[in-house]
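Here's an informal walk through one model, taking domains, helix packing and empty spaces in turn. Have the viewer open and follow along.

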Amino acid sequence: MPGSASVTTGGDSASPIVFIREIIKRYGANTVLDRCSLAAHEGEILTLLGPSGCGKTTLLRCIAGFIQPDGGAISIDGADMAQMPVNRRPVGVVFQSYALFPHLTVAGNVGYGLRMRGVAKSDIAQRVKAALASVSLSGLDDRYPAQLSGGQQQRVAIARVVVLQPRVLLLDEPFNALDAKLRGSMQVELRHLIKQLGLTALFVTHDQEEAMTLSDRIAVMRAGRIEQLDRPDAIYDRPTTAYVADFIGASNTWYSRVDGGLVRLPDGQTVSTTHSGDVKVMVRPHNLVLHRASSERAGSWSGKLVFRRHVGAMMEYEVQLPDGQAIRAVGLHGDQPVEPSPSESVTLAVRNPAACMVFPAA
Amino acid sequence: MTTQWRYREFLDRLGIGVIIAIAVFSLALLVLPSVVVVMISFDTRAFISFPPQGFTLRWYQEVFNHPVLVGAMWTSFKVGVVVTLACIAFGVPTALACARGELRGRTALSIYVIAPHMVPGIVLGVAVLFTGALVGIGPSIWLQAVTLSVFVLAVMVRTVTSRLQRLDPALEQAAANLGATPFQAFRTITLPLLMPAILAGSVFTFVEGFDNLSVTIFTHGFRDRPLPIELLAIVQQTSSPMVAALSGVQILLAILAMITLSLSVGLDGVND
Amino acid sequence: MTPTALHGPFIDRLLSGRGIWPAVPAIIVLAIVAVIPFMVLLSLGFSDVVSSRGVIISQEFSLRHLKAALSDSLYWTTFRRSIGLAVTTTLLCMLLGFPVAYLYLIGGKWTRRIILVLTIAPILTSGIVRTYAWIVILGGRGVINTTLMQLGLIDQPVRIINTHWAVLIGMVQIHLPIMILPLIAVMTRHDTRLDEASANLGATRLGTLRHVILPLATPGLGTGAALVFTLSYTTFVVPQLLGGGNYLNAATMVFEQVVYALEWNKGAVTAVILMATCLIGLIGIAALTNLATRWTRAGRS
């Protein structure tokens with residue numbers, strides 16, 4: 001996972017460069033941001049991740065100043081943004097549509113902010129050149145946006161804000177306009193670019209893979225609040241709420257009762273927990289192992305295989321339990337001495353009970 | 001079964017054939033009268049007859065040597081320019097309000113702006129004539145230009161509004177984010193992107209200023225009589241091929257207007 | 001490029017707000033040149049004014065002019081004629097215009113371009129010029145008469161111009177583009193995959209036309225009809241030039257009362273009646289369009 005490689009930046013000791021305190025935004029009776037707080041540190045890539053309508057884009061637009069929040073405070077680099085007009089905020093926005101000016105050339109687009117700041121013409125030319133070089137677009141100065149590929153447009157959009165040396169880069173779903181094939185490579189490239197330029201970036205997406213690839217930390221949002229803010233691997237392995245566990249990655253869910261600090265799993269193993277009463281147990285598909293009912297390793301938790309498929313080097317299984325619940329399990333291709341075939345009886349077991357996630361029910 | 005299908009097929013072809021025949025007839029009906037007029041404008045004989053004989057530019061020379069006609073064309077040209085400039089000056093800001101104002105305000109506003117264009121031209125013309133008389137403003141080139149501007153303002157507002165509504169709002173936000181003040185963003189981003197729509201709107205407002213009769217007939221000045229008024233008088237008095245030549249000139253202007261349109265928003269963009 | 005005093009914070013606030021006040025200048029001008037004149041028109045038509053040397057001495061509400069107009073048989077014949085002419089023109093324009101829109105829909109790039117040119121060019125040409133063309137064609141020594149005489153079909157020129165028929169022909173031809181343009185707008189947005197789906201489901205081209213294209217084009221027909229009705233009801237170029245001197249429609253009547261007879265109260269009443277009837281016509285067209293939309297959509301063959 002590329003995202004986990006360099007998470008050392010943005011440790012808790014550094015002072016936050018973007019500090020958001022209890023932001024509120026309402027539209028009529030609808031509360032889009034509900035006392036949402038967040039701190040982003042110098043040099044980190046922080047992702048706001050959540051389904052549509054969770055308020056992530058609204059939060060980004062509040063930081064950029066396109067929307068006035070109804071309450072709370074935003075400060076960047078220690079300066080309060082409340083009275084700061086949009087055109088003087090030290091943030092650079094990369095729009096979902098890129099919003100490149102169609103009537104200006106690439107050089108015209110990249111130089112636009114410098115012209116608005118009254119920078120001398122000769123300086124502009126020089127800085128535009130440098131900015132285009134930094135995103136490897138040298139030589140395309142005189143093209144118009146319509147003559148560029150999606151990936152090139154994205155880089156112009158980045159160069160256009162980077163040339164102004166903003167304190168923070170705000171990216172609003174910058175991969176939406178690209179086709180699926182390009183996205184993967186562009187994500188890695190964008191992360192390298194941002195790191196290379198030493199920028200702090202806030203990045204909005206609804207795509208968890210994108211978030212995993214790009215981020216140093218991920219803020220999972222739900223209904224106008226941040227549900228969990230942590231490193232990508234921690235978000236995946238140690239979600240603090242059932243919502244996050246459900247939203248990030250696939251999981252199997254069932255309900256159980258805590259008995260003496262232990263939860264009994266369907267295969268007979270137990271997990272210890274601090275919760276009590278009714279709980280929701282969630283298990284990742286790769287934490288389940290599957291055996292043919294006829295093999296000697298067969299356990300007691302059984303069901304019927306209804307579907308299996310190759311996903312690259314992995315095998316994905318869907319097992320139907322006697323009560324009708326469908327369980328998903330994932331294993332390495334070739335793990336099974338004999339692959340079970342559909343409609344065959346199989347048994348399931350949890351590989352590592354400690355990696356099961358237990359949350360209070362309801 | 002097969003014969004039934006064949007019969008259906010036959011009926012279908014017949015029906016579609018009739019429809020296409022009507023379409024071709026309609027298109028011919030639109031263009032042929034103008035073609036006839038242009039042909040006659042080159043006729044060497046001094047009376048209207050068909051088919052025309054010979055070829056001469058004499059009638060065109062006569063048009064441009066006719067002091068009254070040239071004066072009327074100049075007057076109408078001035079009116080067209082004033083109407084267009086007024087519609088740009090008042091219409092573009094109004095379009096901004098129509099496209100971006102709060103919902104209730106902008107709905108009421110667009111109805112208010114469109115209404116004078118929906119009222120029959122002669123009603124507006126008569127009303128302005130009466131009102132002017134009450135306050136001591138008689139018909140003049142200015143009264144004509146002002147009334148026509150009010151009459152066609154809707155065209156400019158509608159054209160520019162629909163362009164504005166299709167502009168990505170992120171463009172102005174991007175400009176602001178890059179440091180532009182709202183005025184700078186408008187001047188460097190929005191206005192250039194609106195130019196095709198403003199140009200297309202200008203073609204229509206100019207043509208209305210140049211050609212309109214219904215409003216003009218009640219509001220024009222008696223000393224500088226505009227082209228449509230002179231033209232109406234001339235057409236009623238004489239059928240000399242000079243009138244055909246005058247028509248030829250106007251048709252040429254219409255073609256120029258159309259080329260401007262197709263270069264600005266494209267002919268299929270005219271409808272927006 | 002720092003903002004100068006001229007376009008400083010004031011214009012910036014103006015441009016960034018969501019208020020309607022960039023429109024204020026236009027609102028004021030429209031109030032002075034459209035709203036007030038319209039009220040003056042109403043007051044002239046519905047009041048008795050005693051004035052001396054242009055100074056109004058007394059003015060009170062009165063239906064005298066309206067009553068006089070309604071008891072005058074000339075009003076009735078003129079308005080009946082105008083409405084009849086406008087309705088006929090509208091129907092004929094629909095009949096001739098819809099096929100052009102259909103041809104536009106099924107046509108290729110060049111067909112479409114030609115239709116656009118032939119539709120937009122007349123709109124940009126003076127109505128007088130286009131009516132004059134019909135004098136040339138329909139006149140006593142016009143194209144039709146000379147051709148017929150040369151062919152030996154007639155000895156004497158036939159009188160076509162200065163008849164009701166000449167007016168109708170001119171009316172239809174002049175207003176046809178106004179009908180076609182909104183229909184083309186509908187056709188441009190029409191999703192041709194619907195037609196393919198319809199054909200794939202077994203419909204003939206006529207069936208697709210009737211059950212897919214026509215229902216979706218009905219609002220466009222309504223818009224076109226409204227425009228053609230308003231314009232043909234209130235025009236006076238065509239009746240004046242092709243109907244002869246004594247062909248009176250509502251618009252020519254207003255003109256004669258105001259400009260020749262200088263009977264302003266009378267003219268004001270006529271103008272108000274013209275506008276009121278026009279409005280009623282438009283409401284009728286809107287209702288019919290609604291009905292037709294429902295009928296064409298619900299209908300089975």
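## Domains in chain B

Let's begin with chain B, which is split into domain 1 (1–41) and domain 2 (59–271). Keep in mind that everything here comes from a predicted model. Measure between the C-alpha centres of domain 1 and domain 2 of chain B and you get 36 Å. Where the two touch, domain 1 of chain B puts in five residues and domain 2 of chain B puts in seven residues.

## Domains in chain A

Chain A also comes with a domain assignment: domain 1 covers 16–246 and domain 2 covers 251–360. Here the C-alpha centres of domain 1 of chain A and domain 2 of chain A are 40 Å apart. How many residues of domain 1 of chain A are in contact with domain 2 of chain A? Eight residues of domain 1 of chain A do the job, meeting seven residues of domain 2 of chain A.

## A helix pair in chain C

Over in chain C, have a look at helix α4 (residues 73–106) and helix α5 (residues 109–123). Their axes sit 8 Å apart, and the packing angle is about 145 degrees. The crossing of α4(C) past α5(C) is left-handed.

Which residues make the contact? From α4(C) you have C:Val100, C:Leu103, C:Tyr104 and C:Leu105, and from α5(C) there are C:Thr111, C:Arg112, C:Ile115 and C:Leu116. Sorted by class, that contact of α4(C) with α5(C) comes out as six nonpolar, one polar and one charged residues.

## The second largest pocket

Now for the open spaces. The second largest pocket holds about 1200 Å³. It has 34 lining residues, and the closest to the pocket centre are A:Phe66, B:Glu172, B:Gln173, C:Leu15 and C:Ser16.

Several helices chip in at least two lining residues each: α3 (67–100), α6 (141–166), α7 (169–177) and α8 (182–211) from chain B, plus α1 (9–16) from chain C. Which helix gives the most to this lining? That's α7(B), with five residues. The chemistry of the second largest pocket's lining is a mix: 16 nonpolar, nine polar and nine charged residues.

## The second largest cavity

As for closed spaces, the count is two cavities of 30 Å³ or more. The second largest cavity has a volume of about 50 Å³. Its lining is made of A:Leu60, A:Arg61, A:Ala64, A:Phe66, A:Val93, A:Phe95 and A:Asp172. You've met A:Phe66 already, as one of the residues closest to the centre of the second largest pocket.

Helix α1 (residues 56–64) of chain A gives the most to the lining of this second largest cavity, with three residues. By class, the cavity lining has five nonpolar and two charged residues, with no polar ones.

Terms used
Residues are numbered from 1 along each chain as its sequence is written. Chains are lettered from A and ligands numbered from 1 in the order in which they are written. This is a predicted model: local features need pLDDT of at least 70, side-chain atom pairs count only at pLDDT 80 or more; totals for chains, interfaces and linings use all residues. Side-chain values use heavy atoms; hydrogens and water are left out. On a 1 Å grid over the protein atoms alone, a cavity is a set of points where a 1.4 Å probe fits but cannot get out, and a pocket is an open set with protein on both sides within 12 Å along at least five of seven lines; lining residues have an atom within 4 Å of a point. Grid points are joined across faces, edges and corners, and a volume is the space filled by probe spheres set on the points. Helices (H or I, at least four residues) and strands (E, at least two) are DSSP runs, numbered from the N terminus. Ala, Val, Leu, Ile, Met, Phe, Trp, Tyr, Cys and Pro count as nonpolar, Asp, Glu, Lys and Arg as charged, and the others, Gly among them, as polar. Axes are lines fitted to C-alpha atoms, for helices over the stretch in contact, and angles run from 0 to 180 degrees between N-to-C directions. A crossing is left-handed if the near helix is turned anticlockwise from the far one by less than a right angle, and right-handed if clockwise. Contact means heavy atoms within 4.5 Å. Domain bounds come from an automatic or database domain assignment.
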